[in-house]
Amino acid sequence: MRRLPPDHYIAGIRAGDRLVLSRAITLVESQLESDQALAVAVLEQVLPQTGRSVRVGITGVPGVGKSTFIEAFGKHLTDSGKKVAVLAIDPTSQRSHGSILGDKTRMETLSMDPRAYIRPTPSGGSLGGVANKTRETMLLCEAAGFEVILIETVGVGQSETLVHGMVDFFLLLMLAGAGDELQGMKRGIMELADAIAITKADGDNAAAAERARLDYQNALHLFPPASTSWTPPVLTCSALQNQGITDLWQIITDHQTQLTQNGHRDRNRQQQNLDWLHSTIRQQLETRFYNQPGLRERLTDVEEAVRKGAVLPLQGARRLLNFAPQSPEGQAAGAGF
């Protein structure tokens, strides 16, 4: 795709142009060095227009109905006049490295709403069910005027702290009647949740959903109190019958009001920026390490030795980290290692 001048991206994003916004997101997702430089230039210019949205992370096991819930929740917000961006992360296949990216199809009604913007993005195999450039994408959407950012994770159950570390409110969706809920639920994820919603609480499942709500509420009382002084509520909801959706938005609003008043919201965002900084440093160090001249050949030799059991993985890693290319250019590139 032909790249635009930085001013074109900046003006289009500030004007809320969906096409330009989509092209800017494609730019930040690109692995090309030239695209990354252009993306940074755009992000720096739109930064003053960011930070004003409510960022909500939504996670849950596959089958919990995340897309159906988000469509109902998103429609409630747009009907009340909010501009909503949905960043829907699809898992990337470890075999084909492809993604279905079907969330926009599943949210057909919301995708046609002029106040909503849905961006399906492959996770790229990254942990935590989020894409590598989710933070940058979120900033671009904020600069385009979206007041609520919904991040739908893959729900893989791995490193969900990554999602928690980039949002203001972390919502955990759960099912009732899917076995022993409390035994099957990881305590770590429950401790991160700002609210738990039992989905599909309609029809014959309504009673089971209410029992699950009570079980989860009792379980949360056993956890140590959060430093924010916020007590996570548990509620039931039905996206099909549009029940519990209004209550959930009120919970999020109350949460943001309380954390703004006690200063935790600002402190949390500041810490998230620092975490993003250190995460970026680690990513760039890894990229520079593997791009050293001659490193790939050396890596192949070490991998073969480790595979045969001749060298411990720890020893092999140290050999690679101490690897110094022979050429002057390579030495300069690997000097930090």
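User: What makes the pairing of Asp-35 and Arg-3 a salt bridge?

Analyst: In this predicted model, the side chains of Asp-35 and Arg-3 come to 2.8 Å, N to O. The cut-off is a Lys or Arg side-chain nitrogen within 4 Å of an Asp or Glu carboxyl oxygen, so the pair qualifies as a salt bridge. Along the chain the partners are distant, 32 residues apart: Asp-35 sits in helix H3, and Arg-3 in the segment before H1.

User: Why is Asp-35 called buried or exposed?

Analyst: Its relative accessible area is 4%. Buried means under 20%, so Asp-35 counts as buried.

User: And what about Arg-3, why does that one get its label?

Analyst: Arg-3 has a relative accessible area of 26%. Buried needs under 20% and exposed needs over 50%, so Arg-3 lands in between, as partly exposed.

User: How do you know what to call the angle between H1 and H3?

Analyst: Helix H1 (residues 6-14) and helix H3 (residues 33-46) pack at about 45 degrees, with axes 9 Å apart. Under 35 degrees would be roughly parallel, and roughly perpendicular covers 65 to 115. An angle of about 45 degrees fits neither of those ranges, nor over 145, so H1 is oblique to H3. As for handedness, the crossing of H1 and H3 is right-handed.

User: Which residues make the contact between H1 and H3?

Analyst: From H1 you have Pro-6, Tyr-9, Ile-10, Ile-13 and Arg-14, and from H3 there are Leu-38, Val-42, Gln-45 and Val-46. Sorted by type, the residues of this contact come out as 7 nonpolar, 1 polar and 1 charged.

User: How many salt bridges does a search of the whole structure find?

Analyst: The search turns up 11. One of the arrangements is a network of salt bridges linking Lys-75, Asp-79 and Asp-113.

User: What makes Glu-29 and Arg-119 a salt bridge?

Analyst: Their side chains meet at 3.1 Å, N to O. The limit is within 4 Å, so Glu-29 and Arg-119 pass. Glu-29 belongs to helix H2 (residues 18-29) and Arg-119 to strand S3 (residues 116-122), so this bridge ties together parts 90 residues apart in sequence.

User: Why do Glu-29 and Arg-119 get the labels they do for accessibility?

Analyst: Glu-29 is at 24% relative accessibility, and the partly exposed class runs between 20% and 50%, so Glu-29 is partly exposed. Arg-119, with a relative accessible area of 12%, is buried, because the buried class takes anything under 20%.

User: How do you know whether Arg-269 and Asp-168 are buried or exposed?

Analyst: Arg-269 has 12% relative accessibility and Asp-168 has a relative accessible area of 5%. Set those against the under 20% cut-off, and Arg-269 counts as buried, as does Asp-168. Their side chains meet in a salt bridge at 2.6 Å, N to O. Arg-269 is in helix H13 (residues 264-290), while Asp-168 is in the loop between helix H8 (161-164) and strand S5 (169-174), 101 residues apart.

User: Why is Glu-136 called buried or exposed, and what does it touch?

Analyst: Glu-136 lies in helix H7 (residues 134-143). Its relative accessible area is 11%, which is under 20%, so Glu-136 is buried. Leaving aside residues up to four places away in sequence, Glu-136 touches Val-28, Leu-43 and Trp-276.

User: What makes Phe-289 buried or exposed?

Analyst: Phe-289, in helix H13, has a relative accessible area of 8%. The buried class is under 20%, so Phe-289 is buried. Phe-289 and Leu-320 are 31 residues apart in sequence, with 9.2 Å between them in space, C-alpha to C-alpha.

Definitions and conventions: Residues numbered from 1 in each chain as written. Predicted model: local features only at pLDDT ≥ 70, side-chain atom pairs only at ≥ 80, totals over all residues. Heavy atoms only, no water. Axes fitted to C-alpha atoms, helices over the stretch in contact; angles between N-to-C directions. Helix = DSSP H or I, 4+ residues; strand = E, 2+ residues; numbered from the N terminus. Left-handed = near helix turned anticlockwise from the far one by under 90°. Contact = heavy atoms within 4.5 Å. Nonpolar A, V, L, I, M, F, W, Y, C, P; charged D, E, K, R; others polar. Buried < 20%, exposed > 50% of the residue type's maximum accessible area, 1.4 Å probe, protein only.
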